[in-house]
Amino acid sequence: MSPRGQAARAVSQPVRRPTVQDVAREAGVSPSTVSRALHTRGYASPAVRAKVRAAAERIGYVTDHNARNLRSRTSTSIGVLISDLRNPFYADLAAGIEEELRAAEYQMVLVNDNGDPAEEMQAAETLLAMRVPGVIVTPVTAKCPQVLQDNGVHVVCADRELGRSNSDLVLSDNKSGSEALTEHLIALGHTRIGMLIDETKWSTGAGRLAGFRAAHAANGLEIDENLIAYTSFDADAARRTTRKLLNDHEVTAVISANNVLAQGALAELKDRRIKIPRQISLAAYDDVPWMSLVQPALTTVDQSTVEMGRSCARLLLARIRGELPARRRLVKVPARLIVRGSTGPAPR
C-alpha cells in the first residue's frame, strides 16, 4: 500500500475512547469502584471519588450516558419543555432548572415548542422515546402532561395550570402579586386603571386578573370592564390594543399582565410622547432586565423566575427518588413588588 493509502486508512480509523477499565487501571481501583465514584448512586469515600475523577480527567474519560441508559433502561436526562426561549422569563426558568439538575448529575434536554400544541406533543413523544424519568413543562394544552403521566413519566407543570391534572405544580403567586401592584396604583390616587391582558384560561392570567379585581374590591372601587383590554401574546398586538384603549377611554394608569405586553404598551406611550408617570403611570407583571434599563424604569412584580426553576427541579427530583407521597404537590413562589419611576400620583 502506498504511503498516501496508509495515511488515508489511518485517518479513517476512529479514535478509541477511554473506558471504565482504563480509568480503573489509571487509578489503581476496581471498575465497580470507578462506577460508584463517578456517579451519585452507590457509596465511595470522598478521597476515592477525588482519586478516580482525577484519573478520569488525566486520560480524557467521558461518561457514556447512552450506554448507562441502555443498561439501566432509564435515563439521567430530564426533559424541559418551554414555550418561547427568546422570552427572558423562560430563559431564566430554564437556567434555574439546569442549575439544580447539574448539581444532581442529571442532564437537561431543553425543547422550545413555540407555544404550539402540535410541536408540544411531538416533543413529548421524543422525550418518551428517550425514556426520560421526568419532564418539566410550561403546558400549552392539558393533553401533554397527561400523555407523559400515562406513560409513567413524572411531570411538573411550571408557571401555569391547565384544567385539572395530577401533575405537580410550581406557580408564581399571581393573585397576590397583581393585587399588590394594583394596590400600589390605587394608593397613588388612580381610580381609572387599564389592564392589558392576553389570556385568562390559564391559571397565570386568571390569577393576575383576580388580583386586579380584588384590589379594587378591597378599596370600594367599581371596575369599568371596558378598561380590561384583551389582546394576544405579541408586542405589536399589545401596542395596537393600548392605542385603542387610550383612544376610547380615559385612563390614568395601565398595568400590563406580562413583559411582552409591557413592550407594546411602552412603545405606544413613547410614540404618543406621553410623559410617564406625570400623565400616565405604567406598571407590569413579570420583571425582566430591560425594565430596569429604560427611562423611567418600570414598576413591576418580580416572579423570582430562577428560583421558580430551581423549585421545579427540586420537586421533580424528589418525585423521581420516591421521597414524596402520591398526592400532587403545589409549590407557590412568592411574588415581590418592585417600585420604580414609571408610577406616580394620578394626574388631577
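Ser178 is buried in this predicted model. Its relative accessibility is 2%. The cut-off for buried is under 20%, so Ser178 falls within that class. The residue belongs to helix α9, which covers residues 174-187.

What surrounds Ser178? Leaving aside residues up to four places away in sequence, Ser178 touches Met195, Arg208, Gly211, Phe212 and Tyr285. Arg208 also offers a polar partner. A polar atom of the Ser178 side chain lies 2.6 Å from the backbone oxygen of Arg208.

Next comes a pocket. The second largest pocket holds about 430 Å³ of space. Two elements each give two or more residues to its lining: α6 (88-103) and α10 (203-218). Which of the elements gives the most to this lining? That is α10, with three residues. Empty space of this kind is found by rolling a probe the size of a water molecule over the atoms.

The lining of the second largest pocket counts 25 residues. Nearest its centre lie Tyr90, Arg160, Asp198, Trp202 and Phe233. Sorted by class, the lining has ten polar, nine charged and six nonpolar residues.

Tyr90 leads on to another feature. The structure holds one aromatic pair. Its members are Phe89 and Tyr90, and their arrangement is edge-to-face. Two values describe such a pair: the distance of the centres and the angle of the planes. For Phe89 and Tyr90, the centres are 5.1 Å apart and the planes meet at 80°. Planes over 60 degrees apart count as edge-to-face, so the 80° angle places this pair in that group.

Are the two ring residues buried or exposed? Phe89 is buried, at 3% relative accessible area. Tyr90 is buried too, with 5% relative accessibility. Tyr90 is also among the residues nearest the centre of the second largest pocket.

The last stop is helix α2, residues 20-27. Which of its residues are buried? They are Asp22, Val23, Ala24 and Ala27. An α-helix has 3.6 residues a turn, so residues three or four places apart point the same way. The cover over the buried residues of α2 includes two other helices, α3 (31-38) and α4 (46-59). Just after α2 comes Gly28. The phi of Gly28 is positive, near 75°.

Methods
Residues are numbered from 1 along each chain as its sequence is written. This is a predicted model: local features need pLDDT of at least 70, side-chain atom pairs count only at pLDDT 80 or more; totals for chains, interfaces and linings use all residues. Side-chain values use heavy atoms; hydrogens and water are left out. On a 1 Å grid over the protein atoms alone, a cavity is a set of points where a 1.4 Å probe fits but cannot get out, and a pocket is an open set with protein on both sides within 12 Å along at least five of seven lines; lining residues have an atom within 4 Å of a point. Grid points are joined across faces, edges and corners, and a volume is the space filled by probe spheres set on the points. Helices (H or I, at least four residues) and strands (E, at least two) are DSSP runs, numbered from the N terminus. Ala, Val, Leu, Ile, Met, Phe, Trp, Tyr, Cys and Pro count as nonpolar, Asp, Glu, Lys and Arg as charged, and the others, Gly among them, as polar. Rings of Phe, Tyr and Trp (its six-membered ring) pair if their centres lie within 6.5 Å; planes under 30 degrees apart count as stacked, over 60 as edge-to-face and the rest as tilted. Buried means under 20% relative accessible area, exposed over 50%, partly exposed in between (1.4 Å probe, protein chains only). A polar contact is a pair of N or O atoms within 3.5 Å; within protein, one must be able to donate a hydrogen and the other to accept it, and residues adjacent in sequence count only if both atoms are side-chain atoms. Contact means heavy atoms within 4.5 Å.
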